[in-house]
Amino acid sequence: MKQMTIALLGQPNSGKSTLFNGLTGSRQHVGNWPGKTVERKEGYFAFDGKNYTVVDLPGTYGLSANSEEEIVTREYIASGKADLVCILTDASQLERSLFMLADYTGIRTPVILLLNMMDVAEQQGKEISSTSIAKKLGIPVVPIIAADKKSYGDLFKTLKEPETISTMLDENILSDLYKRMERGVFKQVFSLLPEEGIGVYSSSWLAAKLIEQDSMAMEVVWDALSTDDRNKLTALLSQVRDGSLLTGDCKFKWIESLLRDSVAERKKGAPKRSRFDRLATSKTWGKPLSIAIIILGLVLSMVIAIPFMGLFSFLLSALSLLITHGLSDAGAPALIISLLCDGVLTAVTFALMMVVFVFGISLVFGFIEEIGYMARISYTFDNTMAKFGLQGKAIMPFIISFGCNIGGVTGTRVIDSWGQRVTTMALSWVVPCAATWGVVGLVSSVFFGSGAVFVVLSLFAVALLHMVITSKIFGKQLIKDSDRSGLIMELPPYHKPKYKNLLRFVLNRMGDVLIRALKIIILVSVLFWALSYTADGNVENSIIYTIGTFIEPVTLWFGLRWQTFMAFIASAMGKEAALGVLASLFNTSGEAAGIWAAMSGQAHVNTSSLGGALLTGISKAEALAFIYAFFFNVPCLMAVASTQQESHSVRWTFRIVGYYIVTALLMATLAYYIGLLIF
Amino acid sequence: MIKLNTAKDGETGWVASIKGNTRFLNRITSIGLTIGSEIEIIQNQEKCPVLIFNRDTVIAINRSECEKIMVEVIER
């Protein structure tokens, strides 16, 4: 066999993603499980002349069929597509994390057990004998440190052995424990099932799941039984109360028997808590500390990103100059030069800047996650974020978005459920980034003077309302009820970060990020370039002018003149673009730059002359309409590209974009008519 | 016997009963809490999830879920 498929299975925090990244590097494909709001990660590696496909199953605590993640996992294992399942456990919390193995026992797909974080376990004074555990289980047990690629040797050796994929996990001890369950209910259920099991499931496994009132197990069993047996089974199961507690008890007894004589420990009991951890989880100081650390993280990622941004924009403007000279000397038409330099190169600059910022954010917040602090943020903001139906961690992307929405969207990566992640992205778009305030500040102070304060306050109030409604609309489709149940979460111990690995994992992804970003950004940029291109620099000769003036009767419903409407459209490319577009469309004095230069943020805007032109050009109500339309618009093209990147769903990205454009225009209309009443 | 959300910091005991629907029972057992398992209350502050130590792990449990968990406190 030259090809082998391995499925990684393990609880959250077991280091599954770390191992997945370590094994596959940049050779990954991320998508969604068909028809499910669950992320599907697949990666590839080659070793000793053999190709391996690694499927990273969703991180769940067990194999019940209560959440989409668990259903996906169950369906995948039952499909028989995996040659081997690798169950990952955290050796420093072995007893608890072995629950996944206990829940798996009885599924007849070959399995090996990986004991991750052996280094942490050793530091805690635990001595774990993997050979003793392996003997009891009848399967290979491999110690590993997922964050350290040098420790993968034993795993590779095990994968090579032919008996790895032929030996089965011994289920007899667990099965015997089940049989001793009170009132013999397990025995009776077991006796109704076919002796040889059904498909990949043994009868013992199915009986335990039936006692847990597992609907998927019921479906599997139903077809295999006679009508008589079905009735018997239903009658039996109707007597069982709290079946999960009964089987859970057996599973942990099995784990205890497995670890007896295999683990030597120096001490028991809760570890002494550090002063930092007391502070991090304190009712009074937990939240301010979280916010301070997130802001610090944002600043740090800026510090990492800014030198690169400067370098790229310098290199690209030099390149642009070179191309312009080279091509015009060669006699190329001005149209082609403009397309290349203004359209494509600007897009490349945008994409590079985005990638650099994504890199900074991923690195800094990957670090916060790896050391274990992110779980504390989740804990302190659990109550607050639950109001939006989100995990406590969602606070992080929201705060980053005040700096930049691209960072906010990238920051959602720490959220482990895909549905929650996409909902958080959709919500984070409302948060006004730094660039928003330049435009809002100028337009509102020109029109409303000191009343601008009230405009800004009203924007905040409406933004909060927007978030509540958006969370309802998107949450309804994306967040399943099972996700909404109250927080039950492990707070992992603080870990020492492995800098080199973190850096490598983040770098590995950047090439992919750049290529995807380039595709979207070049496409949209070139489209806008074409619309605004004029040979002589006169606005009235551009397509955008023709369209804008043609549809003005419609945009006036929203309180937007064609100029403000175009500025609104341009602000979907980048918020800061709106000012430049306004300036060039209102033909303010000293404004020779074309619309495209304004849109791509290259034109210098004379704000005082723009203010005068605006005052004569539009009414107060129309200004208010524009502020609202602008504020609630799509944040920028790069945020859209990041959303597509992080959600890897074109469909949901389009939905969010459409939703934002529609609501922005709706807000503008409301603001316009309210404005008409006031002024 | 007391509800978990009324336990005090530093108290130790064992889980006497857990109530709730199947989904909740599955979640809570899969994270390690079963009848008879030993726990230690690490931190119980108003309006915050309760922090407990169980099977080598610090676990945070939402306050309303804690009402479904009864604990037999061991006097020291």
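K41(A) is buried, as is D56(A), where buried means under 20% relative accessible area, exposed over 50% and partly exposed in between (1.4 Å probe, protein chains only). The side chains of these residues, K41(A) and D56(A), meet in a salt bridge with an N to O distance of 3.9 Å, a salt bridge being a side-chain nitrogen of Lys or Arg within 4 Å of a carboxyl oxygen of Asp or Glu. This pair links distant parts of the chain, with K41(A) in strand β3 (residues 39–47) and D56(A) in strand β4 (residues 50–56) of chain A, 15 residues apart.

This is a predicted model, in which local features need pLDDT of at least 70 and side-chain atom pairs count only at pLDDT 80 or more, while totals for chains, interfaces and linings use all residues. Residues are numbered from 1 along each chain as its sequence is written, chains are lettered from A and ligands numbered from 1 in the order in which they are written, and side-chain values use heavy atoms, with hydrogens and water left out.

**Overall architecture**

Chain A holds 33 helices and ten strands; helices (H or I, at least four residues) and strands (E, at least two) are DSSP runs, numbered from the N terminus. The C-alpha trace of chain A spans about 90 × 60 × 55 Å along its principal axes, and of the 679 residues in chain A, 56% are buried. Among the contacts in chain A with a separation of 6 or more, 75% are between residues 24 or more positions apart, a contact meaning heavy atoms within 4.5 Å. The exposed area of chain A is about 28,200 Å², of which carbon and sulfur atoms supply 63%; accessible areas come from the Shrake-Rupley method with a 1.4 Å probe, and for residues only the protein chains shown count as cover.

**Salt bridges**

Side chains of opposite charge can pair when their charged atoms come close. Over all chains the count comes to 24 salt bridges, and three of them are set out below.

| Pair | Closest N to O distance |
|---|---|
| K41(A) and D56(A) | 3.9 Å |
| D229(A) and K232(A) | 4.0 Å |
| R376(A) and D277(A) | 3.0 Å |

D229(A) and K232(A) both belong to helix α12 (residues 227–238) of chain A and are three residues apart, about one turn of the helix. An α-helix has 3.6 residues a turn, so residues three or four places apart point the same way. K232(A) counts as partly exposed because its relative accessibility is 45%.

R376(A) and D277(A), which form a salt bridge at 3.0 Å, N to O, link distant parts of the chain: R376(A) lies in helix α17 (residues 373–380) and D277(A) in helix α14 (residues 275–280) of chain A, 99 residues apart. Both R376(A) and D277(A) are buried. Elsewhere, D103(A), K209(A), E212(A) and K251(A) are joined into one network by salt bridges that share partners.

**Helix α10 and positive phi values**

Helix α10 (residues 203–211) of chain A is largely enclosed by the rest of the structure, because nine of its nine residues are buried. Among these buried residues are W205(A), K209(A) and I211(A). Just after α10(A), Q213(A) takes a positive phi of about 60°.

Most residues other than glycine have a negative phi, and most peptide bonds are trans. M117(A), although not a glycine, has a positive phi of about 60°; it lies in the loop between β6 (111–116) and α5 (118–123) of chain A, and M117(A) is buried, with a relative accessible area of 12%. N13(A), also a residue other than glycine, has a positive phi near 70° and is found in the loop between β1 (3–10) and α1 (16–24) of chain A. At 40% relative accessibility, N13(A) counts as partly exposed.

**Surface patches**

Patches are made of residues with over 30% relative accessible area and no salt bridge, like charges being joined within 9 Å and nonpolar side chains (Val, Leu, Ile, Met, Phe, Trp, Tyr) within 5 Å. A nonpolar surface patch of about 510 Å² is made by I291(A), I295(A), L296(A), V299(A), L300(A) and V303(A). Of these, I295(A) is found in helix α15 (residues 286–329) of chain A and counts as partly exposed at 41% relative accessibility.

K149(A), K150(A), K500(A) and R504(A) gather in a surface patch of positive charge, where Lys and Arg count as positive and Asp and Glu as negative, and His and the chain ends are not counted. The place of a charge is taken as NZ of Lys, CZ of Arg, CG of Asp or CD of Glu. K500(A) sits in helix α25 (residues 499–532) of chain A and is exposed, with a relative accessible area of 68%. For chain A, which has 59 positive and 54 negative side chains, the centres of the two sets lie 4 Å apart.
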